[in-house]
Amino acid sequence: MKVLIKLFATFRNERFKQEEKDLPPGTTIRQVVAQLEIAEEALGMVMLNGRHTPLDQELSEGDTLSLFPLVGGG
Amino acid sequence: MNKIYRVNMTDLTTSVEDCPAEWAGLGGRGLTSAIVAAEVPPACHPLGPNNKLVFAPGLLTGTPAANSGRLSAGAKSPLTGTIKESNAGGSAAQLFARLDIKALIIEGQPKEDAWYKLALSKDGVKIEKETALVGKGNFAVVEAVQAQKGKKTGVISIGPAGEWRMKAANISVMDPDGKLRSHGRGGLGAVMGAKKIKYITVDGEGAPAVKIADPEKFKTAARTFAKALLDHPVSGEGLPTYGTNILINVLNEAGGLPTKNFRYGQFEGHDKISGETMHDIITARGGKTKHGCHAGCIIQCSQEYVDTSGVYVTSGFEYETIWGFGANCCIDNLDHIAEADHLMDDIGIDSIESAVIMGVAMEAGILPWGDGPGVNRLLREEIGKGTPLGRILGNGAAEVGVAYGLTRVPVVKGQGIPAYDPRSVKGIGITYATSTMGADHTAGYSVATNILKVGGDVDPLKKEGQVELSRNLQIATAAVDSTGLCLFVAFPVLDIPEALTAIVEMLNARFGLSLTGDDVTALGTSILKTEHAFNQAAGFTNAHDRLPEFFATEPVPPHNVVWDFTDAEIDEFWNF
Ligand code: SF4
């Protein structure tokens, strides 16, 4: 299944801005995070199709997964 | 700190008095709101002789506490008609503290058509006539003061927008690099203009260091506090690297980035104006990605944005401004927005209100969507020259909406709604609706918990928990705004318990007190209640705590949600 992965802020360093990945069915967000070698403690927001989502969520065809470190502003 | 300086512009006299006991425990917003509530008749005209303009440094300002250099300004607001506090960085607050000035209260109004300047120093406050700089922009004022009095003198000034008493006019404060910070919201620049004061200088020559009751205890607490700021990923890494503009991509992904005057929650051109892109542009052009708006800021969310030849354009280039001129007006060119930021600093007009004004101006057909040069022309040629159209624009988004017969006018109590859509970030909608200041995201930044997942987790698309969240944050914010600490310390404070303890310890060590965390909460509560009582006496009721109608009837994509709080649910906010 095809999933669009978007990375932001420092997560982009030495990785990518966005990439479409072909993942086996049943892949969870946690597995993607591990493959990207992002430490779970470093995660701020995890959004699946624009909504905050737990790491155990399985991905589906056509999903957009966005990962952010902890950031803030105002 | 125990002196209160009074300047009476009606008879051009000044006086100094000792701070009365009931104000001794107050600073910053707590003090400006207490003074306005005690001394300004709530029903007065904000531009008339009965309004007062108050400046006060925070309780910790002038000490070595990190990020403690904020100055509060308060008055009855010409934009909202409510009580107003607006705080800013810059060097003036720390000079106030060193000069032992607890507050400066400016009252009355000159009868003759002349302009004045005020000079504060260890010898007191002087009123002098001013002619040379009248009609000039803020940068010219700063340059002239620096040439005459040196670079260390603090400057607080208004631009032409304030002189013309435009309701969106701000008050500028010079930063340590001779650039500008602003008391942006609520049109306080118009109040200063109505008092006929073009600028105030603050000379710290010969002023001693701020006294600390228990220096050892203070040092320990200050160290813990600074460590928390540097350890937390938001204040220690995100803000210094990308500035507040890191939020463009965040809000775009969450569907809460108001686009095309609050039609959509996402903007196609988001990446071109994002914090990540801005960081790359500044680095490539040789600008500065990190910069503090006052001495002792260790977060440094500010930056210096330069043009393609490396020449300075603007600093303090904030998410709010970039959202407003960017997504909200459909402009995807950072250089155009940076030029707008520079123009607004010079003219002396609030960048958030101006952003909402421009969105409404596009709605009105005054200029096409996405027209960056057009926006800058309106700022320079219309608002900056005080033309009839410029006067309408400069009086705020609500007035533009009235002048052009529009219904899609995003304001609460007459003040433009900032950079988070209340339909898809519902917690911030409660803050916009209920804040004593009119629509103001900083009054209770529910975005932290709704979107950024700092200080807990409340679903941004659901109503549950939002009223309580906004209330807790508004109380905490009123207290922080009284300390003189930059509000961005809230990110580590929400997550690291030692940081809050350290703030209480610093207050105790500074004044020889034994406050607890509960006392700080009680302070926040009493400030909110004082402000709310002023507003009620000025004619505001629960019926003013509402968002514009279109938020309830037009779903915002991509989540297609509406503003669905009942009046009774919103009114629960004040039950404390
Ligand atoms: S973090 Fe930003 S707003 Fe706060 S004091 Fe520093 S530069 Fe100013």
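**Exercises on a predicted two-chain model**

In chain A, an open sheet is built from 5 strands in the order S2-S1-S5-S3-S4, with mixed pairing. Keep in mind that this is a predicted model.

**Exercise 1.** Work out which strands of the chain A sheet stand at the edges.

*Solution.* Start with the strand order, S2-S1-S5-S3-S4. Read off its two ends: S2 (18–22) and S4 (51–52) of chain A each have a single partner strand, so one side of each is left without a neighbour in the sheet. Now zoom in on one end. S4(A) pairs with S3 (residues 43–48) of chain A in the antiparallel sense, over 2 bridges. To find a facing pair there, look at A:Met47, which sits opposite A:His52 in S4(A).

**Exercise 2.** Describe the sheet S13-S14-S15 of chain B, then find the helices that pack on it.

*Solution.* First, the layout: this is an open sheet of 3 strands, paired antiparallel. Its edge strands are S13 (288–291) and S15 (312–315) of chain B, each pairing on one side only. On average, neighbouring strands here are turned by 25° against each other, direction ignored.

Next, the pairing: S14 (residues 302–306) of chain B and S15(B) run antiparallel and are joined by 3 bridges. Across that pairing, B:Val306 stands opposite B:Tyr312 in S15(B).

Then, the helices. H9 (residues 275–285) of chain B packs on the sheet and touches S13 and S14 of chain B, its direction making about 60° with that of S14(B). H11 (residues 334–347) of chain B also packs on the sheet, but touches S14 and S15 of chain B; its direction makes about 70° with that of S15(B).

**Exercise 3.** Check the span of helix H18 of chain B against the expected one, and decide whether the helix is largely enclosed or not.

*Solution.* Take the span first. H18(B) covers residues 466–483, which is 18 residues, and from first C-alpha to last it reaches 26 Å. That's close to the 26 Å expected at 1.5 Å a residue. Now burial, counting a residue as buried when its relative accessible area is under 20%: 15 of the 18 residues of H18(B) qualify, so the helix is largely enclosed by the rest of the structure. Finally, look just past its end: B:Gly484 follows H18(B) and has a positive phi, near 85°.

**Exercise 4.** Find the residues that come nearest to the ligand, and sort its shell by class.

*Solution.* There are 13 residues around the ligand. Those coming nearest are B:Cys293, B:His294, B:Cys297, B:Cys301 and B:Cys486. Sorting the shell by class gives 6 nonpolar, 6 polar and 1 charged.

Definitions and conventions: Residues numbered from 1 in each chain as written. Chains lettered and ligands numbered in written order. Predicted model: local features only at pLDDT ≥ 70, side-chain atom pairs only at ≥ 80, totals over all residues. Heavy atoms only, no water. Near = heavy atom within 4 Å. Nonpolar A, V, L, I, M, F, W, Y, C, P; charged D, E, K, R; others polar. Pairing = 2+ DSSP bridges. Helix = DSSP H or I, 4+ residues; strand = E, 2+ residues; numbered from the N terminus. Expected span 1.5 Å × (residues − 1). Buried < 20%, exposed > 50% of the residue type's maximum accessible area, 1.4 Å probe, protein only. Axes fitted to C-alpha atoms, helices over the stretch in contact; angles between N-to-C directions. Contact = heavy atoms within 4.5 Å.
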